[in-house]
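User: Please take a close look at the nonpolar core of this protein. I would like to know what builds it and what is found around it.

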Amino acid sequence: MYVRRVLSTALLLLGIAAAPAAADSSPSASPSGDSAAPTQAGTSFRTATEIEQGQQATASGSTGDYLYWSFPADAGQRPTVKATVKLPEASTRHAGQTWQLDVYDGLRRRQACQYGAQTRTAAQDAASVELACTLRTVRSWSETWANDPLPGTYYVRLTVTGLQASDLGLPVGAEVKVDSKDIGGAAAVDGSLAKPLVPGIATSVGKSDSGSSTAVLSSIEPDDGWASGWWSDRWVWTAIGGILAALAGIGGYALTRGAGRPSRVPPGA
């Protein structure tokens, strides 16, 4: 009876502990539709257009242009960047075009794609080309020599890498969208950055009370703020492991302790 009560209590604790873990592993929510999606792209890292995860940004440009966007990614997220390029009319093109999607972190280090078609060649009669890049999971901390993705701003660069010179300058349209999957404690590491890797100064400037221009910190940030780095659902599963170990000890003791001293054996024996 005692063991049964202990097991019932433990199962109740396991259910309570697993609830935050299940909630934490759900995909990140898209931002509200109040903020309008950007309709233009930057031409460099410094002028990259800021977008939120879940927004579909659009832009118009010319073949040969470098198009830049930036977005925030926090620890435990695995971002996926998707881009669609609407090509010029087939009658105006002389050959196929090769387009490439690159993603850089806050230190402007090019990040490798786990999977996805990062580079694609469109035939001369193709109307569009689709690209995708799924990054590695963002870590809360890393060694200085490593190239691990860290929390902060990420830059998307879209450009054509192979085309005939006669096709330069033709009008194109682009659509870019970033989504993330929350990996949770499976990718947790000890340690965290003091600050996320975001641009110190945005391209826009504000006005002080005296009327002079002042630098403005980058406004790009996840909807729920940057993670502190100390909490993950790994703590929950560690607690579950401790509870199970305690139950195994109690159960083993209950099974092996026996019925005590036999009544026929005198106390002093």
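Analyst: Here is a walk through the core, then a disulfide and a second core.

This is a predicted model: local features need pLDDT of at least 70, side-chain atom pairs count only at pLDDT 80 or more, and totals for chains, interfaces and linings use all residues. Residues are numbered from 1 along each chain as its sequence is written, and side-chain values use heavy atoms, without hydrogens and water.

A nonpolar core is a set of buried Ala, Val, Leu, Ile, Met, Phe, Trp, Tyr and Cys residues joined through side-chain atoms within 4.5 Å. Buried means under 20% relative accessible area, exposed over 50%, partly exposed in between (1.4 Å probe, protein chains only).

The largest such core has 30 residues. W69, F71, V81, W99, L101 and L158 have the most contacts inside it. Strands (E, at least two residues) are DSSP runs, numbered from the N terminus. Those supplying at least two core residues each include β3 (67-73), β4 (77-86) and β9 (152-162).

Take V81. Contact means heavy atoms within 4.5 Å. Beyond four places in sequence, V81 contacts F71, L101, L131 and C133, among others.

C133 is buried, at 0% relative accessible area. A disulfide (cysteine sulfur atoms within 2.5 Å) joins C133 to C113, S to S 1.9 Å. The S-S torsion is about -100 degrees, so this disulfide is left-handed. C113 lies in β6 (113-115) and C133 in β8, so the pair ties together parts 20 residues apart in sequence.

A second, separate core has five residues, including A48, Y68, Y104 and Y155. Y68 sits in β3 and is buried at 6%. Residues touching Y68 include F45, A48 and V156.

Methods. Helix = DSSP H or I, 4+ residues; strand = E, 2+ residues; numbered from the N terminus.
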